[in-house]
Amino acid sequence: MLRTQKIKEPIGDRVLLAIICIILAAITLSVLYPLLYILSSSLSGPNAVVSGKVWLFPVDFSLKAYKSIFHSTQLMMGYYNSIIYTVVGTLINVAFTVMIAFPLSQRGMPGRKIIMLLMMITMFFDGGLIPTYLLVKQLHMLDTRWALWLPGAFSVFQVIIARTFFQTSIPAELQEAAQIDGCRDFRYLISVALPLSKPILAVMTLMYAVGHWNAYFDALIYLRSEHLFPLQYVLRNMLILNAADPAMLAGTTQKLRDQGFEQVLKYALIVVACIPVLIMYPFVQKHFVKGVMIGSLKG
Amino acid sequence: MPVAQTWTRMKRSWELYVIVLLPVLYLIIFKYIPMFGVSIAFKDYNVVKGIWGSPWAGFKHFETLFHSPNFPLLIKNTLIISFYALIAGFPVPIILALALNEVRTGFFKRSVQMITYAPHFVSTVVMVSIIILMLSPHVGVVARLFSFFGMTNTNFMGEPGLFKSIYVWSGVWQEMGYGSIIYIAALSSVDPALYEAARMDGASRFKKIIHIDLPTLIPITVILLILSLGSIMGVGFEKIFLMQNPLNVSTSEVISTYVYKVGLLGANFSFSSAVGLFNSVINLILLVVVNFIARRLSDNSLW
């Protein structure tokens with residue numbers, strides 16, 4: 001009988017591995033605990049949260065905070081606006097990124113280096129807050145949705161990743177073959193290059209979408225009308241400036257409010273704000289590791 | 001290359017120029033016009049006359065800045081927060097990547113990665129709310145832990161001395177997992193034959209980390225270090241602004257928050273543009289200098 005004998009790892013190596021695993025577990029728990037704590041607090045009764053009975057699991061389980069959130073028109077409006085900003089903004093971002101990255105990846109195009117330089121300079125030097133604000137004002141985009149879509153139409157970093165992908169991951173033979181068959185640049189981009197770039201497009205979409213969903217700064221400087229505010233801006237008012245929407249507290253009793261219901265409400269708001277990103281996250285996690293790798297190693 | 005040949009090639013790629021037209025227009029309008037708009041830092045901006053019509057003021061606004069009593073404090077806060085964040089935040093992702101690289105792919109490794117990457121996707125507003133809730137006196141979980149161990153309970157967010165640590169370490173918490181991805185990617189490119197050879201020669205796991213893994217990470221580390229040193233004066237506005245309150249403003253006011261307050265809230269466009277420009281110029285100089293040093297000391301540089 002043939003017996004394979006495994007080479008035993010030296011004791012020192014196994015000790016080191018054990019230490020590494022313990023460190024990793026500790027780090028993971030330190031990341032996970034606050035997240036779990038927030039979730040549990042949002043599902044607990046106000047009394048339990050304020051008096052510090054919640055440590056890991058919900059105490060006095062209740063969904064009241066979530067129910068009140070849906071009464072707030074401010075918040076629902078914010079949600080609606082954020083969805084619009086994210087969907088349209090991401091579409092613009094992805095289109096612009098492809099439109100500049102693809103020509104930059106074509107070695108036969110004269111002037112490619114000039115465009116590249118034009119773009120790279122903006123990475124290290126920009127006009128700054130005030131001149132950009134004045135420009136947006138001059139273009140009459142203040143207090144319109146365009147102010148949140150146009151000024152950041154693409155990120156140089158994403159363009160470089162996409163350009164590298166077009167250059168290295170799509171075989172040059174494909175383009176030669178396409179050209180011989182009479183396929184010009186535009187058709188090649190639509191029918192050959194883009195279908196082959198799905199992984200990079202997925203990462204790009206995720207990155208841009210998360211960026212739009214999480215942004216509050218542009219809204220802070222460009223928007224004035226309440227009906228245009230995105231979710232993050234509304235959240236800032238509620239969570240950090242402590243300006244709760246009266247509609248959220250309308251259905252609650254005075255007793256509940258005295259117990260510290262607003263505190264629970266804050267935890268619930270955090271959970272609700274994170275839900276869309278958290279739902280997307282596990283599906284695309286694989287891809288973005290790939291995206292970072294393409295950007296870092298072949299760049 | 002002869003002009004005629006270039007011309008034929010340009011004609012052949014006309015479709016590419018059509019595609020690239022819109023993004024290039026965008027660059028010119030939204031990036032280059034504001035760059036020239038920076039000239040208002042040398043003018044007395046007048047709303048009626050606009051950027052181009054306002055009278056020149058020379059270096060007046062820069063002099064005001066340098067003589068302002070806030071100036072040393074702004075520079076000090078900006079530099080301390082940046083260096084603190086760099087020193088605390090830079091090694092952690094590397095250590096995490098090295099540790100993850102030792103663990104075999106499986107459920108444990110995948111869960112560690114998935115969980116530690118997640119906070120990166122939490123928005124700044126939510127992140128700061130989490131910090132405030134966790135640290136709020138009496139009801140926050142940290143305050144409760146403190147009193148549990150019999151330590152005195154303070155209002156963490158209102159303590160000027162604690163602001164920088166709270167800012168930096170919450171940043172480490174949020175970004176360490178995501179920051180490690182780039183190093184993990186670099187480590188995955190190591191030739192397995194190297195590990196085998198090291199094992200044949202009787203190298204321990206620790207020796208392999210020191211002599212194979214660490215040298216692999218040096219180029220990417222240098223590049224990332226140059227980039228972060230180059231933006232040392234550009235400490236993030238969003239998070240600091242949200243974490244600021246009247247109690248901690250003495251240690252939390254940095255250049256970018258000052259530009260916002262003076263410029264947009266105070267409508268002092270010229271002066272705050274001068275502050276912003278001063279900041280950008282220092283950043284650019286730093287980037288060039290650090291890149292130069294890195295090129296001298298090693299083969300790694302941005303350009």
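Two residues are taken to be in contact if their C-beta atoms, placed from the backbone, lie within 7 Å. By that yardstick, the predicted model puts 73 residues of chain A in contact with 76 residues of chain B. On the chain A side, helix H1, spanning residues 11-42, is the top contributor, giving 15 residues to the face that touches chain B. That face is mostly greasy: 53 of its residues are nonpolar, against 14 polar and 6 charged.

One helix pair across the two chains is worth a look. Helix H6 of chain A (residues 129-138) packs with helix H15 of chain B (residues 255-265) at an angle of about 35 degrees, and the two axes sit 10 Å apart. The crossing of H6(A) and H15(B) is right-handed. From H6(A) come Leu129(A), Ile130(A) and Tyr133(A), which meet Val259(B), Tyr260(B), Gly263(B) and Leu264(B) of H15(B). Sorted by type, the residues of this contact come out as 6 nonpolar and 1 polar, with no charged ones.

Then there is the matter of the cores. The largest nonpolar core runs to 119 residues, and those with the most contacts inside it are Ala162(A), Leu235(A) and Leu269(A) from chain A, along with Val126(B) and Ile131(B) from chain B. Helix H8 of chain B, residues 124-135, supplies the largest share of this core, with 10 residues. Leu235(A) shows how the chains meet here: leaving aside residues up to four places away in sequence, Leu235(A) touches Leu269(A) and Ala273(A) in its own chain, plus Val125(B) and Val126(B) in the other. A second core, separate from the big one, has 13 residues, among them Leu96(B), Ala97(B), Val112(B) and Ile181(B).

As for chain B as a whole, its secondary structure comes to 16 helices and 0 strands. Its radius of gyration is 25 Å, well over the 19 Å that the globule rule gives for 303 residues, so chain B is more spread out than a compact globule. Along the principal axes, the C-alpha atoms of chain B fill a box of roughly 75 × 75 × 35 Å. Buried residues account for 35% of the 303 residues in the chain. Among contacts in chain B with a separation of 6 or more, 67% link residues 24 or more positions apart.

Terms used
Residues numbered from 1 in each chain as written. Chains lettered and ligands numbered in written order. Predicted model: local features only at pLDDT ≥ 70, side-chain atom pairs only at ≥ 80, totals over all residues. Axes fitted to C-alpha atoms, helices over the stretch in contact; angles between N-to-C directions. Helix = DSSP H or I, 4+ residues; strand = E, 2+ residues; numbered from the N terminus. Left-handed = near helix turned anticlockwise from the far one by under 90°. Nonpolar A, V, L, I, M, F, W, Y, C, P; charged D, E, K, R; others polar. Rg over C-alpha atoms; globule rule 2.2 N^0.38 Å. Buried ≥ 20, exposed ≤ 12 C-beta atoms within 10 Å, placed from the backbone. Core = buried A, V, L, I, M, F, W, Y, C linked by C-beta atoms within 7 Å.
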